[in-house]
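Please open the model in your viewer and keep the sequence panel beside it, since this tour moves from one selection to the next.

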Amino acid sequence: MANLTAATNPELVLTMEAMERTTPAHYEEWNRRHQQLLDNDKYLNDQFLNVMANNAAAHNSIYRGKNLTNVYTVDEICKRISDGTFKDLYIGDYFDKSITTSLGGTETVRLVLAGFDVMWNNGDTALTKHHAVVVPKDCFKTKAKMNETNVTTGGYAGSDMHTKVLPVYAAALQNVLNNHIITHRELLTTAVSTTGNSNAGAGYTGYASAWEWQDCQLRLMSEIQIYGSTVFSSSFYDTGNANIQFPLFRLAPNLKVAGLGHNGSRMWTWLSAVVSAAAFANCNNNGNSNNNNAAGEGGVRPISCIYAKCRLSADI
C-alpha cells in the first residue's frame, strides 16, 4: 500500500475544496485533501520547532501539566533530562509513584516537574549535571514536627525534620526512582541567635545567624522558591542559594496549596526558613504565608532534583 508523505517545505493552506454530491468518488480526490492536512500539520510543527528550542530556558517557560506516568518510565524521563534537551518534558508534567516508609506506610506520591537546570552551577562544588527539580503535588500523608520542642536551635540543618524525617523519605524515593536522586550541595542555616530581632517583624525574636554548605538529597522549600520573595524569613541566612522562585509556582501559583496525602484535603506545609527562636515558616492551607511553632505538626512537602545515568536529582 502506498503512503502519503508531507512535503519537505510545505506552506500553510487554510482553504480546502469542499466535496459535493457531484465530486467523483475517486481515491485521488481523497488523497489530495489528506495531503493538504499532512502538509499543514508539518508546517505547524516546523513553526513550533523554529521558536521552541529543546533546552532548559525554553521548557521552563511553558506549563503543560501532562500525566507522564504511563507515557515514559523514570529512566526514560531522566534520559531526556541528562542530555539537556528536556524533550517532551514541561513544567507541571507529573508522574505517580508508590512509596513505603516507616513513617506513613504505603502511599502514592505525585511528583511534579517544577524547574529545569535551575540549580546549574550552584554549590561550593558546582552542580554541572542537567537536572529537573521535582516537588510532590501534595504533602506526604503523615504530618511531622520540625523539632520535638518549640526551638529552632541549629537552624534548619539541625532540625529533626531535616536530619530524621526527610532521610526516611529520601531512601523510599531513591528506591522507586531507580537511584536517580542527586546528592548536591545546599547552603543551609546551622545556628540561631535567640536574642536579636527577626526580619519577620515586630514581636518576633531570634534569627538565623550562620550557614554551611551541606550534601543534600531532599530539603524543604524556602519562601522564595514557592512565593518568589521572603515573608517571615528571619535573616538572609534563611535564603542561601534557594533564592529563585521555581517556574512551577510562577506559572501555576495555585499549586502552592497542597493536600495532606495524595489528593487529600488542604494542609499547611512546612518551609525551611527560621522565623524566630521558636518557629519556622509555613505555607498555610488557605494560601497565605504564615509560621508555626517548631513542635507543631505540619505537612511535609520537600523538593528534589532528578538526573539520568541512573541518578535522579530531587529537591523535596
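Is Pro-302 buried or exposed? Select Pro-302 in this predicted model and show the surface around it: with a relative accessible area of 0%, Pro-302 is buried, because the cut-off for that word is under 20%. Pro-302 is found in strand β12, and if you also select Phe-140, you can check that the C-alpha atoms of these two residues are separated by 9.2 Å although they are 162 residues apart along the chain.

**The whole chain**

Zoom out next and colour by secondary structure, which for this protein comprises six helices and twelve strands. Taken along the principal axes, the box that the C-alpha atoms fill is roughly 90 × 40 × 40 Å. Of the 316 residues in the protein, 49% are buried. If you display contacts between residues at least 6 apart in sequence, 69% of them join residues at least 24 apart.

**The sheet of five strands**

Now select β1, β2, β3, β12 and β6, which form an open sheet in the order β1-β2-β3-β12-β6 with antiparallel pairing. Strands β1 (94-101) and β6 (219-220) stand at the edges and have a single partner strand each, so one side of each is left without a neighbour in the sheet.

Within this sheet, centre the view on β3, residues 132-136, which pairs with β12, residues 302-306, in the antiparallel sense over three bridges. To see how the two strands line up, show Val-133, which stands opposite Cys-305 in β12. Turning to the partnership with β2, you will find that β2 and β3 run antiparallel and are joined by five bridges, and that Val-112 stands opposite Val-135 in β3.

Show the side chains of β3 and look at each face in turn: Ala-132, Val-134 and Pro-136 lie on one side, Val-133 and Val-135 lie on the other, and both faces are covered, with all of these residues buried. Because five of the five residues of β3 are buried, this strand is largely enclosed by the rest of the structure.

Add helix α4, residues 160-176, to the selection: this helix lies across β1, β2 (105-116), β6 and β12, and it runs at about 115° to β1.

**The largest pocket**

Keep the helix in view and turn to the largest pocket, whose volume is about 190 Å³. Its lining can be selected as Leu-103, Thr-142, Lys-143, Ala-144, Lys-145, Glu-148, Asp-160, Lys-164, Val-165, Val-168, Tyr-169 and Glu-297. Colouring this selection by class brings out five nonpolar, one polar and six charged residues in the lining.

**The sheet of three strands**

For the last stop, hide the earlier selections and show β9, β10 and β11, an open sheet in the order β9-β10-β11 whose pairing is antiparallel. Here β9 (269-274) and β11 (289-293) are the edge strands, and each of them pairs on one side only. Rotate the view to follow the turn between neighbouring strands of this sheet, which averages 45° when direction is ignored.

Between β10, residues 279-283, and β11, which run antiparallel, there are five bridges. To mark the register of this pair, select Phe-280, which stands opposite Asn-292 in β11.

Definitions and conventions
Residues numbered from 1 in each chain as written. Predicted model: local features only at pLDDT ≥ 70, side-chain atom pairs only at ≥ 80, totals over all residues. Heavy atoms only, no water. 1 Å grid on protein atoms, 1.4 Å probe; cavity = no way out; pocket = protein on both sides within 12 Å on 5 of 7 lines; lining within 4 Å. Points joined across faces, edges and corners; volume = space filled by probe spheres on them. Nonpolar A, V, L, I, M, F, W, Y, C, P; charged D, E, K, R; others polar. Pairing = 2+ DSSP bridges. Helix = DSSP H or I, 4+ residues; strand = E, 2+ residues; numbered from the N terminus. Contact = heavy atoms within 4.5 Å. Axes fitted to C-alpha atoms, helices over the stretch in contact; angles between N-to-C directions. Buried < 20%, exposed > 50% of the residue type's maximum accessible area, 1.4 Å probe, protein only.
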